[in-house]
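Subject: Structure handover

Hi there,

Here is the structure I promised to pass on to you. Have a look at it first, and my notes on what turned up follow below.

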Amino acid sequence: MATTTVTVTETRTEPMTADTILRLFPDIDTSSEALSGHDEEQIRLMDEVCIVLDDNDMPVGKASKKLCHLMSNIDKGLLHRAFSVFLFNDKNELLLQQRASEKITFPDMWTNTCCSHPLAVSGETGSNLPDAIEGAKRAAQRKLEHELGIKKEQVPIEKFRFLTRIHYKAPSDGKWGEHEIDYILFIKTNVDLKPNPNEVQATQYVSADKLKKLFEDPSLKFTPWFKLICNSMLFEWWASLDSGLEKYTNEQEIRRML
């Protein structure tokens with residue numbers, strides 16, 4: 001899959017309101033039928049409010065997690081902000097998680113340490129890159145605790161390193177999917193785990209060589225964003241974790257992986 005980079009340009013945007021989304025996407029699917037039969041806690045989490053973006057990562061409004069993840073809306077162009085955390089221990093092993101069966105999107109799949117969304121709340125938004133990076137880091141702290149029981153003190157904001165953003169689209173099934181500009185965050189620290197079983201069914205630390213072997217196992221399924229990142233830059237970044245990572249950090253362009 002070809003990867004291109006596109007320079008981000010500043011654009012004028014409307015205030016971040018739900019009404020803005022209805023103006024921008026008048027045919028948006030707002031029905032609740034898609035949630036029928038799913039886990040109650042996961043349905044509740046679908047009410048969280050994501051940051052809706054234009055293609056240059058500028059906030060143009062906000063919409064529920066449910067609206068942002070319906071393929072019918074994604075196909076109309078709905079795009080939101082996300083983050084992906086790659087947490088390494090002192091042996092430079094990467095912490096993977098297997099998503100719970102209860103998850104509405106991409107259940108049972110293995111992925112990187114934590115993948116979620118900054119929300120349209122104070123402290124997690126941002127219409128310029130430095131503010132957006134800080135918002136993604138705060139959201140990462142919040143979700144590492146929610147999903148894996150990792151206390152914020154073990155993952156301080158200053159330890160997160162921002163590498164780049166990827167813009168990708170991926171279906172989960174015929175109904176759900178992802179269309180995100182995803183902030184890639186690295187952190188090296190030892191942590192105590194207490195996974196939330198409604199979010200995570202298994203975890204493991206892997207070396208780069210072990211991860212490559214796992215990809216060869218046909219019985220294992222991996223999230224599409226994790227595979228995209230692994231197939232492009234992850235192993236090069238990983239090799240530079242202790243020396244030389246600086247040349248990969250704070251990339252200003254968005255990597256388009258569509």
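In the residue classes used below, Ala, Val, Leu, Ile, Met, Phe, Trp, Tyr, Cys and Pro count as nonpolar, Asp, Glu, Lys and Arg as charged, and the others, Gly among them, as polar. Please keep in mind that this is a predicted model.

**The cavities**

Let me begin with the enclosed space. The structure holds 2 cavities of 30 Å³ or more.

The second largest cavity has a volume of about 40 Å³. Its lining is made up of Q42, M46, K65, R99, K103, I104 and T105. Sorted by class, that lining has 2 nonpolar, 2 polar and 3 charged residues.

The largest cavity encloses about 130 Å³. Its lining has 19 residues, and R99, C115, S116, H117 and E178 are the ones that lie nearest the centre. By class, 5 of the lining residues are nonpolar, 5 are polar and 9 are charged. Which elements supply at least two residues each to this lining? They are α3 (65-69), β4 (80-88), β7 (114-116), α5 (129-148) and β9 (177-188). You will notice that R99 is listed for the largest cavity and again for the second largest one.

**Helix α5**

One of those elements, α5, is worth following from end to end. At its start, a side-chain oxygen of N128 comes to within 2.9 Å of the backbone nitrogen of D131. The 20 residues of α5 should span 28 Å at 1.5 Å a residue, and its end C-alpha atoms are 27 Å apart, so the two values agree. After the helix comes G149, with a positive phi near 70°.

Further on, K152 sits in the loop between α5 and β8. With a relative accessible area of 39%, K152 is partly exposed, because that class runs from 20% to 50%. Its C-alpha atom is separated by 9.5 Å from that of A140, 12 residues away along the chain.

**The annotated domain**

UniProt, in an unreviewed entry, lists residues 78-228 as "domain: Nudix hydrolase". Over this range the chain is 22% helix and 33% strand. The C-alpha atoms at the two ends of the range are 20 Å apart.

**Positive phi away from glycine**

Most residues other than glycine have a negative phi. Two residues here are worth a look in that light.

D57 has a phi near 70°, a positive value in a residue that is not glycine. D57 is placed in the loop between β2 (49-53) and β3 (59-64). Its relative accessible area is 3%, so D57 is buried. N56 is found in the loop between β2 and β3 as well. Is N56 buried or exposed? Its relative accessible area is 17%, and N56 is therefore buried, since the cut-off is under 20%. N56 and L24 are 32 residues apart in sequence, with 16 Å between their C-alpha atoms.

The other residue is F106, which is not a glycine either and has a positive phi of about 55°. F106 lies in the loop between β5 (94-99) and β6 (110-111). A relative accessible area of 1% means that F106 is buried.

**Contacts across the sequence**

S101 also lies in the loop between β5 and β6. At 47% relative accessibility, S101 counts as partly exposed. S101 and V200 are 99 residues apart along the chain, yet their C-alpha atoms are separated by 8.3 Å.

A170 belongs to strand β8 (residues 161-171). A170 counts as buried, because its relative accessibility is 5%. From A170 to I74 the separation is 96 residues in sequence and 9.5 Å in space, C-alpha to C-alpha.

Lastly, T223 is found in the loop between α6 (208-215) and α7 (224-239). How accessible is T223, and what class does that give? Its relative accessibility is 0%, so T223 counts as buried. The side chain of T223 makes a polar contact of 2.7 Å with the side chain of T111.

That is what I have for you. Happy to talk it through whenever it suits you.

Best wishes

Conventions: Residues numbered from 1 in each chain as written. Predicted model: local features only at pLDDT ≥ 70, side-chain atom pairs only at ≥ 80, totals over all residues. Heavy atoms only, no water. 1 Å grid on protein atoms, 1.4 Å probe; cavity = no way out; pocket = protein on both sides within 12 Å on 5 of 7 lines; lining within 4 Å. Points joined across faces, edges and corners; volume = space filled by probe spheres on them. Helix = DSSP H or I, 4+ residues; strand = E, 2+ residues; numbered from the N terminus. Expected span 1.5 Å × (residues − 1). Polar contact = N/O pair within 3.5 Å; in protein donor to acceptor, adjacent residues only side chain to side chain. UniProt positions renumbered as here; feature names shortened; annotations may be inferred. Buried < 20%, exposed > 50% of the residue type's maximum accessible area, 1.4 Å probe, protein only.
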